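Visitor: I would like to go through this structure term by term. Please set each value against its definition before you conclude anything.

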Amino acid sequence: MSQPTAPESPAATREQPPDTGDRHKLTALGGLAALSLDAMASVAYGPESIVLVLAAAGAHGLGFTLPVTLAIAALLAVLVASYRQVIAAFPNGGGSYAVAKTHLGRRTSLVAAASLILDYVLNVAVSVTAGVAALTSAFPSLYGDRVWLCLAVLVAVTGVNLRGIAESARVFMIPTLVFVGSILALIVAGLFRDHPVSTATAAGHSSVLAGNATTVGALLLLKAFSAGCSALTGVEAIANAVPSFRTPKVKRAQRTEVALGALLGVMLIGLSVLIGRFHLQPVEGVTVLAQLADASLGHNWAFYVVQFATMILLALAANTSFGGLPVLMALLARDNHLPHVFALKADRQVHRHGVLALAAVSAALLVFSGGDTNTIVPLFAIGVFVGFTICQVGMVIHWRAEQSPGWAAKAALNAFGAVLTGIAAVIVTATKFTEGAWIIVVALPLLVVLFERIHRAYGRIGESLGLGRVPEPPRRDRSLVIVPVSTLSRLTSEALTAATSLGDEVMAVTVAASDPEDRAHTESLRRDWDLWNPGVPLIELPCPRRALGRPVTQLIRELTAERPGTRITVMIPEVEPAHVWQRLLQNQRGAVLAHAVRRDTDAVICRLRFRLNT
């Protein structure tokens, strides 16, 4: 028979470590599920982007798919190594913004931040529309409702993230594992085959190979390289969200970055090898990934598992933005470049306002695009390459300044990466400028101007408040408390009790309208007040227009002029209902009066809550 457990002593209770919120943060595996979905899902369209560009050179051009992919994988390795160092050097997150702020100046850091914000917002729109497009391809009857489906997916992802990033990681871990497992199984099965098991998916679809094939020149290869670099979007998200990891957060974030790079590199190279092995050609209406699944696994249940996992992960890849952007916005808010509300954390370590702002802007973009992926894709990936380039240049300066052992090799690696990502940014912008990329070119400086204006506004506020300077010692002013009343009740008594506790002088006021009904009510209140005799004078404020706030604010202005050095407080008594639905029964007079006093006077507003039990 078990013995009863002795209760803990108060001393033992005090010795327990406080809850640091670590349980609401990410493990390394959770980081893969929460912050890497964008990069993982890019294997669905990265190799296809390369193939579609090289198809302009015919079948001979497709032979360069693997070399181009190897170049992208090399750039991926450079980026992973770089961001691994960024994580260690800037453990508070921010990625390219934090690097640029330290080494390239405030203006450059704002360009990096603006590019990241645009990329994160566009990633949500592209991911959600691509996932819904996969669904409507399988069920064409849903095509007319694609906007509503996009918004439904967005609401679901937003709701999960409002519960915390660790919660989102747990929810999205299984789809991530299924997707990665199915892609790796596809690659392994394909490597053991000499020819496609099935070509049923591509049967009856016309090839998109160019009839009059061009030569494979440097420009075509550069275009293919920059198109395939769309597979690298999301690599920076882990460095942006380092504070979201459990301690030791730097080690966990670095392990997550390396794991992401290894998985993404293996999947990209493996799929490109299979494209060459099976001599696949891009066809209209069928993705390259679908053809590969057909060729490696056959047109069976395994084929549909790959397609279904791809569809889900594409839709959920928006979660990368929800993990990275709110942290970046919090850093910008702390630096006075965004409203300070974005720096606040709710329960479960959630930057709730950042999550909601991202959801609102993304919803507007989804409605504007009509749920069409092709409308948004030309805008995508430009911002992330700008951020990559700025980060690489900043890290070169970082190594030169630090000059730690091996700094020259590290700086050379970052310089090489900056050249590659800079070229990719220029080519993507130039080739897609007329397709809509000009919007990003215009939006970037506009965002930077917005950041600057917010910063100047906070500067003016700080100057007015004397922030950073020792203030004058506090002094005691004579205090006058004004209590608006309309009837006698326990609420009136509680308000006067609180007012007499706060002020040297208390004055009750009531607004007296001129019509007979209100005049009778005022006279009745006057009689009751005289009989009650609370020791506080009741002042009637005439109001011919039945305005509640104007007579009170006029009185405050007159008293302020008559009594310089007197601190005036307006005590507004209000009922706090026991149930939410009871708020609908309130007349909101207190809110109206508080708004008028705040707008037109410098009086202190005190709202006294009287709680109802029923």
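Visitor: Which residue in β2 is the bridge partner of L480?

Guide: The partner of L480 in β2 is E505. This is a predicted model, in which local features need pLDDT of at least 70 and side-chain atom pairs count only at pLDDT 80 or more, while totals for chains, interfaces and linings use all residues. Residues are numbered from 1 along each chain as its sequence is written, and side-chain values use heavy atoms, with hydrogens and water left out.

Visitor: What makes β1 and β2 a pair?

Guide: Two strands pair if DSSP finds at least two bridges between them. Strand β2 (residues 505-513) has five bridges to β1, in the parallel sense. Five bridges satisfy the rule of at least two, so β1 and β2 count as paired.

Visitor: Which residues does β1 cover, and how many of them are buried?

Guide: Strand β1 is residues 478-484, and six of its seven residues are buried. Buried means under 20% relative accessible area, exposed over 50%, and partly exposed in between, with a 1.4 Å probe and protein chains only. The names of strands and helices come from DSSP runs (H or I of at least four residues for helices, E of at least two for strands), numbered from the N terminus.

Visitor: How many bridges join β1 to β4?

Guide: Five bridges join them, and the two strands run parallel. T566 in β4 is the bridge partner of R478, and S479 stands opposite R567. Strand β4 is residues 566-576, and eight of its 11 residues are buried.

Visitor: What does β4 pair with besides β1?

Guide: β4 also pairs with strand β5 (residues 604-611), in the parallel sense and over eight bridges. One of the partnerships is that of P573 with L608 in β5.

Visitor: What makes a β-α-β unit right-handed?

Guide: Point the strands away from the viewer; if the path from the first strand over the helix to the second runs clockwise, the crossover is right-handed. The unit made by β1, helix α22 (residues 490-502) and β2 is right-handed.

Visitor: Why is L491 called buried?

Guide: L491 has a relative accessible area of 17%, and so it counts as buried. This residue lies in helix α22. Contact means heavy atoms within 4.5 Å, and leaving aside neighbours within four places in sequence, L491 is in contact with P573, E574, V575 and F610. L491 and V575 are 84 residues apart along the chain, but their C-alpha atoms are separated by 7.7 Å.

Visitor: Why is T176 called buried?

Guide: Its relative accessibility is 5%, so T176 counts as buried. T176 lies in helix α10 (residues 165-191). Beyond its neighbours within four places in sequence, T176 is in contact with A33, L37 and L313.

Visitor: Is L289 buried or exposed?

Guide: L289 is buried, because its relative accessible area is 5%. It is found in helix α14 (residues 288-297). Leaving aside neighbours within four places in sequence, L289 is in contact with A44, I183, L186, L271, Q307 and T310. The C-alpha atoms of L289 and L186 are separated by 9.8 Å, with their positions 103 residues apart along the chain.

Visitor: How do you know that the length of α19 agrees with its number of residues?

Guide: The expected span of a helix is 1.5 Å times one less than its number of residues. Helix α19 (residues 382-402) has 21 residues and should therefore span 30 Å; its end C-alpha atoms are 30 Å apart, which agrees. In α19, 16 of the 21 residues are buried. Just after α19, Q403 takes a positive phi of about 50°.

Visitor: What makes a set of residues a nonpolar core?

Guide: The members are buried Ala, Val, Leu, Ile, Met, Phe, Trp, Tyr and Cys residues joined through side-chain atoms within 4.5 Å. The largest such core has 131 residues, of which L186, L232, L292, L332 and F451 touch the most other members. Helix α8 (residues 106-138) gives the most to this core, with 14 residues. A second, separate core of 17 residues includes V552, I556, I568 and V597.

Visitor: How many helices and strands does the chain have?

Guide: The secondary structure comes to 25 helices and five strands. Of the 614 residues in the chain, 49% are buried.
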